[in-house]
Amino acid sequence: MARKTIYENDIDVLVVGAGMGGTGAAYEARYWGRDKKIIIAEKANIDRSGAVAQGLYAINCYMGTRWGENNPEDHVRYARNDLMGMLREDLAFDMARHVDSAVHKFEEWGLPMMKNPETGHYQREGKWQIMIHGESYKPIVAEAAKKSADKVYNRICVTHLLMDDSRENRIAGAVGFNVRTGNYHVFKSKTVIVGAGGASHIFKPRSVGEGAGRVWYAPWSSGSAYGLIIEAGAKMTQMENRIVLARFKDGYGPVGAYFLHLKTYTQNGNGDEYETTWYENTKEMVGEYIDHIPTPTCLRNHAFISEVNAGRGPIHMVTMEAFQDPHLEEIGWENFLGMTVGQAVLWAATDVDPKYENPELTTSEPYVMGSHATGCGAWCSGPEDISPDEYFWGYNRMMTVEGLFGAGDAVGGTPHAFSSGSFTEGRLSAKAACKYIDDGKADGIVVSDKQIADFETTIFKPLETYKVGRNEITAGSVSPSYINPRQGLDRLQKLMDEYCGGFGVNYMTNDKLLNIGLKKLKKLEEDLEKIAAEDSHELLRAWELKHRHRTSECVMHHTLFRKETRWPGYYYRGDALKLDDENWHVLTVSHRDRNSGEYTLEKAPCYHLVGVDEE
Amino acid sequence: MPTFVYMTRCDGCGECVDICPSDIMHIDKTLRRAYNIEPNMCWECYSCVKACPHQAIDVRGYADFAPLGHSVRVIREEEKGTIAWKITFRDGRQKSFLSPITTKPWGSAIPELARLPEPGKDVRNSELLCYEPESIRMDDGDLQTLESNGLKLKEGVYY
């Protein structure tokens, strides 16, 4: 079947990836851009795409200002504390002051919120989390996006962003292919809002074989948020700040409701509390940060990992007390069915009933993302009324490429946004993108035929490579001329694990390992030019892998640049095992030159807008 | 855990193919029925299981750590606005759960923003989003700023 080229021209706002961030962007864009052409390009189906595809049992970011529960600055303090001081406080404050308005709309649209029977307020799981029956969270939110967008293109894998040929560093749209038809798609657009996902599967997962898809973050979160924008030359921040999750073993079922609402707690294999055992050790590494309340998540991980290394594993979650209460037991199970069904399947398969047995926990492989409890992503402009000069260049959430905006995992320095915060970031981006267009900033964009033709050749090359190389061998997957996407992914995961601090090396790395890792990544990049795809599905995997590779390269550079161990429990720099506030109380910013592929890294100031003493 | 499809129930309608976030539910060209082409990229998200009109798709725990002999079955009903689960343990014990999935007739309460009065220039140049500020605190209060909350920009920490 001959391949067609399908053009969508004169787009005003192109949303690439419609998870929570992208749907928020498409929804809001219609309010500010009545006559604007709003298009969504999504690699799956927006009814069940992104990290919330499966549903959620809690909204982890809700202030509750209407009931006097929290203010935005309280949330900034909380997120800053959890990330050991490192975040963009302007972006965090801005998200927090808007986020409740999104949640109130979700309720209006039909999302079932649990209510506290005494107060009538949303049922709190913790200080920031509210409990929902969120099995249909994503389809409900997708409905809102569909009502705003002119057209939704499902099953389009966006591979590259288009650049303006008339002016340096200005966005002009995106290109990709349809994973079902194999057609080439060209989206010419005045602005692009990247709502694509963070990265699972760049570090070797603990799961093996058939179970390799059982990762904490969705396996379809392919780092495309980063792969797309790094290639376009956007500056990145805090890419070293990967996250490791302490979760129920093998199923990675969430622990938030268990800790916060069910009041379960952890103990070591002997049935003893262990976190205080590591207090002095941790204080030696990070100083007074260990005395912060609540204890930063990475430091609790550090105690977990250290305790297991000391031979006193496994770590258990003590559920047997809470589960005697039938109401809490029901919440415990529904929590999994609402967002991690696999954990329920696993306990059914292994006859684990947490009422009679305390389940095991484990620490996961690392993930690179910017919407959950960590802040990897693009270096973006903040809002005009809050941001200091270094953080502001005209349009809220615009990256350092003109006309390129982000939401969710794509935006760096905004940890603890979660689902509602990502949606909110999408809304903020959409308003700013409309303003950018109305200000005439997108006038005169030129996209040459050559740029479009070159991308077509690049995108479909893996199919050609397969067709040619396949004839060289009799059968099977072993070729001297090409590798397939799975083989490439295995290589990436192994080297990231061994050289960049994965679970296989107890999250340890150093400058020597990282420099070797960078060399191996370069070789892998050369081989990715010879990646082969048998069909459109494999072509999707090939491009996901390329995005994961670019993400990994950036992570490796950032990890090498930050010569300290800022987040023990997430990773360790063996050659700089202490937190170093004197030299590294800064945000890291990288830039990859679009032509040479060379990275430059710099320190950017970490402004504190919110004091510790104002509470 | 990875999905599989019962031969006698699947009629090849393709609902699972349409919804799978991982693009791994495909139709077998010979059998004309759906199957999971890449179990090691399955997140056991149950999107396909819920979407199947014939309950033809089920899940069997990952072979590398889950023993056989269990099941987690689900029926999601948009018209009723509920989802029902039945968990069967390997040893035969069962647990059932029922939850709401929406409080409104499906899709009916979601507005078309194009129909709202068009925002004026002042609002466009402000920090407000659609339905704000009233939707933030459900009162007349304005959007919070550094000034309104008594905050001052601290010096950038830049060693």
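Which residue is the bridge partner of Arg76(B) in β6(B)? The legends below, which describe a predicted model, start from that pairing.

**Figure 1. The open sheet of chain B is built from three strands in the order β5-β6-β7.** The bridge partner of Arg76(B) is Ile83(B), which belongs to β6(B), and in the pairing of β5(B) with β6(B) Val72(B) stands opposite Ile87(B). Seven bridges join β5(B) to β6(B), and these two strands run antiparallel. The hairpin that they form has four residues between the strands, and in this hairpin Gly81(B) takes a positive phi near 75 degrees. Because β5 (71-77) and β7 of chain B each have a single partner strand, they stand at the edges, and one side of each is left without a neighbour in the sheet. From one strand to the next, the twist averages 10 degrees.

**Figure 2. Two helices of chain A pack on the sheet of chain B, one of them being α9 and the other α10.** Helix α9 of chain A, which covers residues 326-339, touches β6 and β7 of chain B, and its direction makes about 70 degrees with that of β7(B). Helix α10 of chain A, which covers residues 341-349, touches β5 and β6 of chain B, and its direction makes about 145 degrees with that of β5(B).

**Figure 3. Chain B meets chain A through 73 of its residues, which are in contact with 81 residues of chain A.** On the side of chain B that touches chain A, the elements giving two or more residues are α1 (15-19), β6 (82-88), β7 (94-100), α4 (134-137) and β8 (156-157) of chain B. Sorted by class, this side of chain B has 42 nonpolar, 15 polar and 16 charged residues. The domain assignment of chain B gives domain 1 (3-100) and domain 2 (111-146), and the centres of these two domains of chain B, taken over C-alpha atoms, are separated by 42 Å.

**Figure 4. Domain 1 (246-363) and domain 2 (449-584) are the parts into which chain A is divided.** Their centres in chain A, taken over C-alpha atoms, are 32 Å apart, and 12 residues of domain 1 of chain A are in contact with 11 residues of domain 2 of chain A. On the side of domain 1 of chain A that touches domain 2 of chain A, α7 (279-286) and α8 (297-309) of chain A each supply at least two residues, and the largest share, seven residues, comes from α8(A). By class, that side of domain 1 of chain A has six nonpolar, five polar and one charged residues.

**Figure 5. Ile40(A) is one of the residues with the most contacts inside the largest nonpolar core.** This core has 231 residues, and Ile229(A) and Leu404(A) are named with Ile40(A) as those with the most contacts inside it. When its neighbours within four places in sequence are left aside, Ile40(A) is in contact with residues including Val15(A), Ala18(A), Ile46(A), Ala145(A) and Tyr153(A).

**Figure 6. His372(A) lies in the loop between β13 (361-363) and β14 (377-378) of chain A.** His372(A) counts as buried because 23 C-beta neighbours lie inside 10 Å, where the cut-off for a buried residue is 20 or more. Not counting residues up to four places away in sequence, His372(A) touches Ile243(A) and Phe418(A). His372(A) and His416(A) are 44 residues apart in sequence, while in space they are 5.1 Å apart, C-alpha to C-alpha.

Notes:
Residues are numbered from 1 along each chain as its sequence is written. Chains are lettered from A and ligands numbered from 1 in the order in which they are written. This is a predicted model: local features need pLDDT of at least 70, side-chain atom pairs count only at pLDDT 80 or more; totals for chains, interfaces and linings use all residues. Two residues are in contact if their C-beta atoms, placed from the backbone, lie within 7 Å. Ala, Val, Leu, Ile, Met, Phe, Trp, Tyr, Cys and Pro count as nonpolar, Asp, Glu, Lys and Arg as charged, and the others, Gly among them, as polar. Two strands pair if DSSP finds at least two bridges between them. Axes are lines fitted to C-alpha atoms, for helices over the stretch in contact, and angles run from 0 to 180 degrees between N-to-C directions. Domain bounds come from an automatic or database domain assignment. A nonpolar core is a set of buried Ala, Val, Leu, Ile, Met, Phe, Trp, Tyr and Cys residues joined through C-beta atoms within 7 Å. A residue is buried if 20 or more other C-beta atoms lie within 10 Å of its own, exposed if 12 or fewer, and partly exposed in between; C-beta atoms are placed from the backbone.
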